[in-house]
Amino acid sequence: MPQIVFLPNEELCPDGAVVEAKTGESILDAALRNGIQIEHACEKSCACTTCHVIVREGFNNLEPSDDLEDDMLDKAWGLEPESRLSCQAKVADEDLVVEIPKYTVNQVSEG
């Protein structure tokens with residue numbers, strides 16, 4: 001079973017976390033199943049960017065993003081080349097290292 005290493009995030013997992021993931025499971029579902037409450041305002045329908053993550057290791061082991069995800073990612077706060085929507089990025093057979101950004105578009109606009 002592949003593992004996802006979540007780097008420390010001040011609010012969601014201050015010490016970081018290592019979780020087991022099922023092949024074909026989204027990064028978001030693996031996180032939620034393990035108590036890491038990544039925001040997902042659109043309920044995993046690829047209609048927002050609140051579940052944006054940055055895949056620091058293992059990015060090339062994910063299935064490529066589709067046009068809808070790419071269009072949504074263009075709106076994400078802190079976009080990087082290894083950014084993905086965690087509700088759409090499915091775990092393959094390799095381990096991942098994931099960073100949860102400090103802010104989402106929702107938080108930036110509310111702040």
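These are my notebook entries on a predicted model of one protein chain.

**Entry 1: overall build**

I began with the secondary structure and found three helices and five strands in the protein chain. Following the sequence, I noted the pattern β-β-α-β-α-β-β-α. I then looked up the radius of gyration, which is 13 Å, close to the 13 Å that the globule rule gives for 111 residues, so the chain is as compact as a globular protein of that length. Along the principal axes, the C-alpha atoms fill a box of roughly 35 × 30 × 25 Å.

I also recorded burial and surface. Of the 111 residues, 42% count as buried. The chain exposes about 6000 Å², and carbon and sulfur atoms supply 45% of that area. For contacts between residues at least 6 apart in sequence, I noted that 64% join residues at least 24 apart.

**Entry 2: the sheet**

In what order do the five strands lie in the sheet? I read the order as S2-S1-S5-S3-S4, in an open sheet with mixed pairing. Strand S2 (17-20) and strand S4 (83-85) are at the edges; each has a single partner strand, so one side of each lacks a neighbour in the sheet. From one strand to the next, the twist averages 35 degrees.

I next examined the two pairings of S5. Strand S1 (residues 3-6) runs parallel to S5, and three bridges join them. Within the range of S1, I located Phe6, which stands opposite Val98 in S5. Strand S3 (residues 52-57) pairs with strand S5 (residues 96-99) in the antiparallel sense, again over three bridges. Here I found Ile54 opposite Glu99 in S5, and Glu57 opposite Val97 in S5. As background, I note that strands of a sheet pair through backbone hydrogen bonds, either parallel or antiparallel.

**Entry 3: the nonpolar core**

Which residues have the most contacts inside the largest nonpolar core? I listed Ile4, Phe6, Ile27, Ile36, Ile38 and Leu96, in a core of 27 residues. S1, S2, H1, S3, helix H2 (67-73) and S5 each supply at least two residues of this core. H1 gives the most, with five residues.

I followed Ile38 further, leaving aside its neighbours within four places in sequence. Its contacts include Phe6, Leu12, Leu28, Ala31 and Leu32. I also found Ile38 in contact with Thr50, Cys51, Val53, Ser86 and Ile100. Phe6 thus appears twice in my notes on this core, once among the residues with the most contacts and once as a contact of Ile38.

**Entry 4: two positive phi angles**

I looked up phi in the loop between helix H1 (27-33) and S3, where Lys44 is found. Lys44 has a positive phi of about 70 degrees although it is not a glycine. Cys46 lies in the loop between H1 and S3 as well, and has a positive phi of about 60 degrees, although it is not a glycine either. I marked both because most residues other than glycine have a negative phi.

Are these two residues buried or exposed? Lys44 has a relative accessible area of 35%, so I entered it as partly exposed. For Cys46 the relative accessible area is 5%, under the 20% limit, so I entered Cys46 as buried.

Technical notes:
Residues numbered from 1 in each chain as written. Predicted model: local features only at pLDDT ≥ 70, side-chain atom pairs only at ≥ 80, totals over all residues. Heavy atoms only, no water. Pairing = 2+ DSSP bridges. Helix = DSSP H or I, 4+ residues; strand = E, 2+ residues; numbered from the N terminus. Axes fitted to C-alpha atoms, helices over the stretch in contact; angles between N-to-C directions. Buried < 20%, exposed > 50% of the residue type's maximum accessible area, 1.4 Å probe, protein only. Core = buried A, V, L, I, M, F, W, Y, C linked by side-chain atoms within 4.5 Å. Contact = heavy atoms within 4.5 Å. Rg over C-alpha atoms; globule rule 2.2 N^0.38 Å. Areas by Shrake-Rupley, 256 points an atom, 1.4 Å probe, with all protein chains shown as cover.
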